[in-house]
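These are my notes from a first look through this structure, kept in the order in which I looked things up.

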Amino acid sequence: MSLPLVIDASELATALDNPNLLIIDLSDRETYLQGHIPGAVYVDTARLMLGSGPVPNKLPTAAQLSQLFSGLGISNDTDVVVYDNQKGPWAGRMIWTLNLVGHERCSYLDGQLKAWTDAGYALETTENLPTAAPFSASIDERYLADIPFLTQKIDLQQQVIWDARSPEEYSGEKIVNAQKGGHIPGAKLYEWTNVHRSAEDTRLRPADELRTELAAAGITTDKEVITHCQTHRRSGLTYLVAKHLGFNKIRCYDGSWFEWGNQADTPVEK
């Protein structure tokens, strides 16, 4: 069985008897225990971040990822489906994390848990524990961008920086956990929540609409995308959306503005 990158509740429901299916719930633990999709396992979102050092939101080490994915029992044949309770950013970041260690059999539940219950499907409260299996993570640097890449190598004719933050953060009017505000020179703004149908309906908007709006913002499918936000949470979703829309090359700046805005020598536009 091969699942699409973005699936709806009915597609997931028909796949529940797939022996290779692994559903990952990235909600907070309390929400998971109150009710989750049958068979889903809980993963603490803290495990998607390094968790230490001056930029704790960066990608975990290969050893940390090996431990995480070994504990989840992921193999080449595992079909992973992810969702969260924050409108999709953690689910997107999990897919990015899996992709950069070479696992492409990943799917995003469109509309998250609400879409599942709105479709009339049941939840369960039993805590599910995965069966561990060996996993050796090797990080593909083609999915990553860092300060040297952004300051020395980026070609704005071939690449585009997608800033997924709010307009107030982009302009520098609002500064969050940083010494300075603004945006990376040349970055294009398209706020992450614009990809949703509405504040209440977090299913993705039609692909053609999103491509048109992104193109108007200067983010086009002929370019490689480098996406970021404040801590690479919100840009987890924009990574997923770019991939869904057919962007062939996508990198994430996992340090994001938390790193860039706290460096004395990084250039800033407002």
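I began with charges over rings, and in this predicted model I found the charged end of R233 over the ring of W192, at 5.8 Å from the ring's centre. I then looked up R165, which lies over the face of W257, with 4.5 Å to the ring centre.

Next I turned to aromatic pairs, of which the structure holds five. I noted that W116 and Y121 have ring centres 4.7 Å apart and planes at 35°, so I entered the pair as tilted, since stacked would need planes under 30 degrees apart and edge-to-face over 60. I also checked how accessible the two partners are: W116 is buried, with a relative accessible area of 1%, whereas Y121 is partly exposed at 29%. Another pair I looked up, Y253 with W260, is edge-to-face, with 6.2 Å from centre to centre and 80° between the planes, and I found both Y253 and W260 buried.

Last I followed the sheet, which is open and has five strands in the order β1-β5-β4-β2-β3, paired in parallel. I marked β1 (6-7) and β3 (41-42) as the edges, because each has a single partner strand, which leaves one side of each without a neighbour in the sheet. Within the sheet I looked at β4 (residues 79-83) and β5 (residues 106-109), a parallel pair joined over three bridges, where V81 of the one strand stands opposite S107 in β5. I then saw that helix α4 (residues 89-100) packs on the sheet and touches β2 (21-25), β4 and β5, and I noted an angle of about 175° between the direction of α4 and that of β5.

Conventions:
Residues are numbered from 1 along each chain as its sequence is written. This is a predicted model: local features need pLDDT of at least 70, side-chain atom pairs count only at pLDDT 80 or more; totals for chains, interfaces and linings use all residues. Side-chain values use heavy atoms; hydrogens and water are left out. Two strands pair if DSSP finds at least two bridges between them. Helices (H or I, at least four residues) and strands (E, at least two) are DSSP runs, numbered from the N terminus. Contact means heavy atoms within 4.5 Å. Axes are lines fitted to C-alpha atoms, for helices over the stretch in contact, and angles run from 0 to 180 degrees between N-to-C directions. Rings of Phe, Tyr and Trp (its six-membered ring) pair if their centres lie within 6.5 Å; planes under 30 degrees apart count as stacked, over 60 as edge-to-face and the rest as tilted. Buried means under 20% relative accessible area, exposed over 50%, partly exposed in between (1.4 Å probe, protein chains only). A charge sits over a ring if NZ of Lys or CZ of Arg is within 6 Å of the ring centre and within 35 degrees of the ring normal.
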